[in-house]
Amino acid sequence: MERFLCIHGHFYQPPRENPWLEAVEVQDPAYPYHDWNERITAECYAPNSAARILDGEGRILDIVSNYAKISFNFGPTLLSWMETYAPSVYQAILDADARSMDLYGGHGSAIAQVYNHIIMPLASTRDKRTQIIWGIRDFEHRFRRSPEGMWLPETAVDPETLDILAEYGIRFVILAPHQAFRVRRKGTRRWKDVNGGSVDPTVPYSCKLPSGRIINIFFYDGPISRAIAFEDVLTRGEEFVGRIMAGFSDGRPWPQILSLATDGETYGHHRQFGDMALAYALNYIEMQGLAKLTNFGEYLERFGSPFEVQIIKNTSWSCFHGIERWRSNCGCNSGGHPDWNQEWRKPLRKTLDWLRNALEPLFEATTREFIKDPWMMRNDYIDLILDRSSENVANFFARHGTRPLGNEERVTILKFLEMERHALLMYTSCGWFFDELSGTETVQILSYAARAIQLAEETGRLHLENAFLRRLEQATSNLPEFADGAAVYRRLVKTSIISLKDVGVHYAISSLFQDYGTETGIYSYSVIQEGYDRIGAGAAKAAVGKVSVQSKITHESERICFSVAHLGNHFLNGGVRTFIGDGTYDSMKAEMLSAFERGDFSELARLMDKHFGMHTYSLVHLFRDQRRKVLALITGRTLEDFENRHREMYDQSKALMGLLYETGVPVPKAFLNIASLVLTANLQKAFLERDIDMTAMQDIVTTLRKFGITAWSVELELAVRRTLERMMAEFCEKPFDQGRLVLLDEIIQLIQSIRSLDVNLWQIQNDFFRIARDKYRQLISTSGPEIAEAWARLFRHVGTMLSFNIQSLLQEQEGEMHA
């Protein structure tokens, strides 16, 4: 019988956006990347869009998209981030789905996901419906088609969730084998008990639901999937192939589909080079005819589901106790702290349920005055989340409003909708998954709860925070410094809550260090400048201004005035308050600027107190990323001074180092350390120059080799990589320009001569591969013989240095040219 293989990757990151800024702020543990989304994109999501297939000597034979060959889902919140911050990877994922439709009979390999990864059996019916609708709509918006399947977070399942999925046209889900209770062949009456994970995973099953609807279920192969995720199967592609093929059996009389499922991050992030092992396995199995690659939609269309199944409700793939990991101290944890407990999970769940139940009647009662059906409006709010243009907002309210709404009424409704959105986000499963209440993921969901509470207080005058904190006190932290959930909230969440005035503070302070136009965007806010004056005297500078700050999400706005002064280094003081009239503002401005011009800084401080009272601010009130940038500017001069001192020391010792070298005397380590710092900095600056000075760089490299000095820093690698990427992009624009190819050849040779410098060549290799695949034949055939031969020789040399099996890569095209 035929053999089919479908490997599913669940690609997901928890939403990490600051709820008030709608952006992911810098996350130091992800260094050298800005944040974890960026890092995991570089380690996993991008590599799987262009995975390398290597020969026996580690040279690149081909570059392929794994996504086009497997089944996959991406979390909607992750794709939203990726669309803005990794657009080329985002587009590659969409393109791969389109390609899979060509490969698999019109069935795309992408499936949808419940919107923000909540544990569905623990959700209310209303929330289940919204999560499914949002997941489907988000998928349709991005992939331009309806999803056939939907991934259930943690594969947590109950009959009601499956019924709602089927109601909205979802044809199949993927579950773990231990979630099956009993099965029978269609048309027969006798059930077979498969409790304990003994269900056959090589055939789909249909599940009859309480409403009479039907949904199909694919159970993945448990042992093989676990081996992929937790063993060393991905270390060698050959071993991966062997483990996959062991899942088939000649004793099955039907077309077997071996279904495998793991977190997608297994392929590259959790397991380095796992993307290449996956690419190798898929290619080998396909080329050798060991099995036919397929996806779940194509297989269902061809063969249907000959068996029925009943599931075990309230189960998941990552908790031995069903779904207790997300509501109790069941014993499931990461294992890193055996002395800790997770008793905090239950009171955290109960507290958030209490908050949800307090918010829902407020939302329904207040909006019903303006809206036909508040809950239908919430289900449709995904349309605004995906497109917040003024035209779409107007259409949204025209569709849902009981009458034309005024601006203030629209603001109120939008704030209520945001309240509900954050009440959904606060249930993101990762908040319970790990070991400690004060962990990043739990703080994140508490931040969503804080935003929902803030909006409830602003719109409904419903003060919930104190009661919320009383309940959180029942959640006990494992760390004495936090004590309980209320302490975690006060220390790690409440300090992050911002208002429109805080955005004004950020604008005021940062305006001293960068020029804003009359209108600018600051994260999810727009700031319109109504008046601004800035003056300077030496290292000191001051500004006075008035602005209008508006949320791009809720459209609420506030007029704000400010005065801020930077007196050098980190000495900065500013005042911000609600705008209270032109006369008061003009008086304040005149007094502030006059005091600054006179250099009377004590008077300036007194005036800050006079006009702004306790509403004064400093650099610590900048949002995190801008604070880093401003402090980098302030410390830049000091660092430059340090570098100049090191350079002077190097210049003074350079001749002596040469003498010691020539006479065979070991150069003191202190000399070599100074030289390493200076030469690394010099090399970095040389690579950052637009016009590359090969002679100067060669001199630096020669000195490094002469003394055996290691040149390495994260900043140097980034500078080299960016220069190479720019040069390769310029070559791709004009591949006929042999001068560009010559320079590229020289610079790669130079870089490879610096043994300590390990440069990430991923993007450069991708660009080279596209030229080799798409343009090489044209470039050779349209040039004169001598020019073509010289160009091809250089091109092949560059490809060899970039780790390609260049003969294999170009063999087919050159063969066609000679035919």
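Me: Which residue with a positive phi follows helix 29?
Reply: In this predicted model, a residue with phi near 75 degrees comes after helix 29. Most residues other than glycine have a negative phi. The residue that follows helix 29 is Ser-803.

Me: What distance does helix 29 reach from its first C-alpha to its last?
Reply: Helix 29 covers residues 785–801, which is 17 residues. At 1.5 Å a residue, 24 Å is expected, and the model comes close to that. The helix reaches 24 Å.

Me: Which residue of helix 29 is buried and also part of the second, separate core?
Reply: The buried residues of helix 29 include Trp-791, Leu-794, Phe-795 and Val-798. The second core has 61 residues, among them Met-657, Val-701, Phe-769 and Phe-795. The name found in both lists is Phe-795.

Me: Which helix gives the largest share of the largest nonpolar core?
Reply: The largest nonpolar core has 172 residues, and those touching the most other members include Ile-7, Tyr-45 and Phe-240. Ten residues of this core come from one helix, at residues 440–460. That is helix 16.

Me: Which Glu is in contact with Tyr-45, leaving aside neighbours within four places in sequence?
Reply: Tyr-45 is among the residues that touch the most other members of the largest core. Its contacts include Phe-11, Tyr-67, Phe-74 and Met-82. The Glu in contact with Tyr-45 is Glu-265.

Me: Is Thr-155 buried or exposed?
Reply: Thr-155 lies in the loop between strand 6 and helix 5, and its phi is positive, near 50 degrees. A residue is buried when its relative accessible area is under 20%. Because its relative accessibility is 0%, Thr-155 counts as buried.

Me: What is the relative accessible area of Glu-22?
Reply: Glu-22 is in the loop between strand 1 and helix 1. Its phi is positive, about 60 degrees, although Glu-22 is not a glycine. Glu-22 is partly exposed, and its relative accessible area is 28%.

Me: Is the peptide bond from Tyr-31 to Pro-32 cis or trans?
Reply: Pro-32 is in the loop between strand 1 (3–11) and helix 1 (36–49). Most peptide bonds are trans. With omega near 10 degrees, the bond from Tyr-31 to Pro-32 is cis.

Me: What is the area of the nonpolar surface patch that Leu-567 helps to make?
Reply: Leu-567 is found in the loop between strand 18 and strand 19, and it is partly exposed at 38%. The patch is made by Leu-567, Phe-571 and Phe-601. Its area is about 270 Å².

Terms used. Residues numbered from 1 in each chain as written. Predicted model: local features only at pLDDT ≥ 70, side-chain atom pairs only at ≥ 80, totals over all residues. Heavy atoms only, no water. Helix = DSSP H or I, 4+ residues; strand = E, 2+ residues; numbered from the N terminus. Buried < 20%, exposed > 50% of the residue type's maximum accessible area, 1.4 Å probe, protein only. Expected span 1.5 Å × (residues − 1). Core = buried A, V, L, I, M, F, W, Y, C linked by side-chain atoms within 4.5 Å. Contact = heavy atoms within 4.5 Å. Patch = residues over 30% accessible without salt bridge, like charges linked within 9 Å, V, L, I, M, F, W, Y side chains within 5 Å. Areas by Shrake-Rupley, 256 points an atom, 1.4 Å probe, with all protein chains shown as cover. Salt bridge = Lys/Arg side-chain N within 4 Å of Asp/Glu carboxyl O.
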